[in-house]
Amino acid sequence: MAIPAASAAAKAKATSSSSMASTIRAYSLPLILFIVAMYFQLSVIPKSFPPSHYAVLGLRSQSSIEEVKEAYDNVSSTWNSEAQATDSLEFIKIRYAYELLTNPSWKRNYDIFGFEEQIDVIEKLKKQYAGESFSRIDLPLLESAASDSEDHNLPVITSKDFQTMFQDNKPWLIQLCSFGSKSCDQFSHAWKRIAGFLDGVAKAAQVDLEDIRLATYLADKKPTGQPFFRNSLPSFVAFPQGCKSAKCIIRYEGDPSIDSVTDWFATTILSLPRILYYSKESLGEKFLAKVSLHKVKVIFFSKTGERAAPIVRQAAKSYWAHASFAFVLWREEESSFWFNSFEVESAPAIVFLKDPGVKPVVYHGSFSNSRLLDIIEQNKEQELPQLRSTTSMQLGCDAQGYSRAGYDTVTWYCAVVAGRHSPQLSQMRRTLRRVQETLLNEVESIPADEEQTAPAAHALQSKRLTFAWLDGEAQKKYCLFFLQSETSYETCGSRTDMTNVPKLFIIRYKRNVTEESEKPEGKPKSIWDSLQDQELDPAAQLVAKYNGSDEIPEITKWISQIIKDGDARDLPHYRTRTPQLVPDDSEPIWSSSVQRIPSTNTIKQSIIGILRGVYDRMEDPRIGPILLLAALMSFGNIWLRRSQATPLSNQPNSKNSSSRRRRDRSGAASTQDLPPSITDMEPRDSYEMPLSGSDSDQ
C-alpha cells in the first residue's frame, strides 16, 4: 500500500506545479505591466522631475523675486559660521536657488522653459567642498554673461515681425537665445559669422526668450505641452523656402559650431552640394582627371579647413554646367609645389584652370559675396568654348538660331575644331585659341594695305565669327554630318585604334531675308508644306574644311579668305536639317541621385526622431498611471474568465445530460411533422382490394 500512496502524492505534486505554472502564464501580462508601471513611478519620473529650486527655499513654484529674497534671508539668519562641515551641501543648494531665482532673465527661462544652463555647478561644488565648511565657498556661484551691446546688432525678430518676415519667400535661419545667457553670449561672435556666410542665399535673425509668445511657439514641446530646448541654448530652427509656420520648421540637433550649423543649413535646407577637399596627391587623380574637358576647374585654397561657405556652394550649383569646384587645405610646407603648379603664393586664393596650355587665373585674398560671384562669372567659360547642346545658341553655331551679332545679321561664321580626346586635339585647341588671340590683337593694328586677315579680324570684332571645339566621340552624328570624307572616322565616333586626327572646318550660316519676309503668316497650304518647313533649318549652311598645316598665320589667312568669299560671292542658298547635338544631363549627378535615393542624413534624422519621440514619451508622468490601470484591467479580465470557466469544468455529467436532452427534443420535433406511414396505423376508410387470378376465384 505504500507504493500507491507515494504515486498519488507525486501525482498530486505534479498537478499542483502544473497548476501554478498555468496561473503564472495566465497572469504574465498584467504582472509585466505592473512591474513597468512601478519602474516608471519610482525611477523614471523622479529623474525626469527633480525637486524644484523653489522647494529648497520652502516656496511655491513661480514665486516672485521679493518672496525668494525674503525666504533666503529667513534661511540664512539661522546659519552659524561655526556650523558643521556637512552643512556646505545644503548651503550650495540654497545659494544656487537664490542666485538663479533672483536674476530676472534666469528666473524667466527656468519658470517657462525649465532651462538652467549652469546646473552642473551644484555637482562640481559638492565634490570640491565636500567635508568643508560653507564659509570657504566662493560667492557668487553662478557667472553672469558679460554682454556687449555690439553683439546684438544682428536682426532680432519679435512677434509683430513674424508674420511679415516671409514676404520675399527666402529661407530663414533663426537663433533662439537669451541675452542673459552665458552660452549665448559666448556664441554671439560665431553667430555673426554664420549670418555673414548666409548673406545672399538666405536670411538670419535672432529671437530673444524675452519675447515669450514667439519663443514658446518656436521651442520644442514635451508630451505635456511644456516648451523646452532639447540641446540647451542657443537653439537653431530653420524655415525652408515656402515654410511659414512652425509645422514645417526643421530643428538643428548638433553641436553649436560655425562649421556644423552652416553645413547643416546649406545641405539640409538649401539642398546645396558639398565641395570636397583634396590633397596634393589626390587633386590630380580624383579631381582634375575626372572633370569634363569642357568645364573650368575652380580650386579654392583655404587655411582653416572649414567647409565651403553657402555662397560658394550656391555658385557650384548654379555654374555646374560650366565649372567644377574643389578645395585644398593650404600648408606652408607645400607652398613651393602650389606655386610651381598654379602660381599660388598664399591662402586664401582662387585658381581657375581653363583650356589646356592656358596660364591659370589666380586671385589672392578674401572677397565679399558679390565680388566672388563676379569673379566666377568672368571666368566661367573656357577661352575656346565647347560646342554643346547648351551652348550652340549662345555661340551662334546653330542654324535654328541667330548670330551673336544680333537678329539682323544675315551671314555669320563658326570655326570648329573636332576630334576625340587626345593630345592632338589639345594641341589643335591651343592653336585655334592662338588664332583667336591673334585676330583680336590685330583688330586695331592691321595696316591699311594688309587685307589678308582683315575680314576675319573684323568679323570676330563684330561677333559674326565664333571659335569653338567639338567632342567628335560624343557628337558622332553631328561631326560626320560636316566631315563627310573617307577619313572622318579618324575624327568622329568611338575610338577604334590609336589614330586621332582632329579636323578644322568653318560653317557659314545665312538667312534668306527675302524668303522670311515673303512667307505668309497664314496656315500652310498642305500638310506636306508644314512638315517640310519643320524639317529644314531656317538658315542655310555651307562647310569649308581646312587641309593645310598647323601654322597660325596660314590658318588665319584661310579663315579670312573663307569669310571674304562668303560675304562677297553669291553662293547658293542650300537649306538642310542638321543633326541635333547630343544633350548633356539635365541636372548634375548629385542632384538627380538625391531625388532617387534617400539621403543617409535623412534616414539618420528619421531614426533619431523616432528614438527621440520614444525618449520624450518616457518622461510623460501619465505613462505610469496608464500602465498601472492597464495592469489592473488585464488582471481583472483574466481572473473573471478563469473563475467562470472553473464551475463548468467540474460538472461534465450535467453538461452531457443537457446535450442529450437537447438532441432528444430536436429528434422528437423533427418526427412530428412527418406524414403518416402505412407502417404506423390503418386508415379508417381502407379496405382490401381483391386480386384477379387468385385462388378464391377458382
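User: Why is E343 called partly exposed, rather than buried or exposed?

Analyst: In this predicted model, the relative accessibility of E343 is 35%. Buried means under 20% and exposed means over 50%; E343, at 35%, therefore counts as partly exposed.

User: Where does E343 lie, and what is its phi?

Analyst: E343 is placed in the loop between α15 and β10. Its phi is positive, about 65 degrees, although E343 is not a glycine. As a general rule, most residues other than glycine have a negative phi.

User: What makes Q62 an exposed residue?

Analyst: The relative accessibility of Q62 is 52%. The cut-off for exposed is over 50%, so Q62 counts as exposed. Q62 belongs to the loop between α3 (53-56) and α4 (65-76), and its phi, near 60 degrees, is a positive value in a residue other than glycine.

User: Which peptide bond in the loop between α15 (335-342) and β10 (349-353) is cis?

Analyst: The bond that joins A347 and P348 is cis, with omega about 5 degrees. P348 lies in that loop, between α15 and β10. A cis peptide bond also joins L139 and P140, where omega is about -5 degrees; P140 is in the loop between α7 (120-128) and α8 (159-162). In general, most peptide bonds are trans.

User: How do you know that strands β12 and β14 pair, and in what sense?

Analyst: Two strands pair if at least two bridges are found between them. Strand β12 (residues 411-419) and strand β14 (residues 503-511) are joined over 8 bridges, in the antiparallel sense, so the criterion of at least two is met. Among these residues, W412 has Y509 in β14 as its bridge partner.

User: Why are β13 and β15 called edge strands?

Analyst: The open sheet has 4 strands in the order β13-β12-β14-β15, with mixed pairing. Strands β13 (465-471) and β15 (539-545) each pair on one side only, and they are the edge strands. Neighbouring strands of this sheet are turned by 25 degrees against each other on average, direction ignored.

User: Which strands of the sheet does helix α18 touch?

Analyst: Helix α18 (residues 423-442) packs on the sheet and touches β12, β13 and β14. The direction of α18 makes about 175 degrees with that of β13.

User: What percentage of the residues in the chain is buried?

Analyst: Of the 698 residues, 38% are buried, where buried means under 20% relative accessible area. The chain contains 27 helices and 15 strands.

Definitions and conventions
Residues numbered from 1 in each chain as written. Predicted model: local features only at pLDDT ≥ 70, side-chain atom pairs only at ≥ 80, totals over all residues. Heavy atoms only, no water. Buried < 20%, exposed > 50% of the residue type's maximum accessible area, 1.4 Å probe, protein only. Axes fitted to C-alpha atoms, helices over the stretch in contact; angles between N-to-C directions. Contact = heavy atoms within 4.5 Å.
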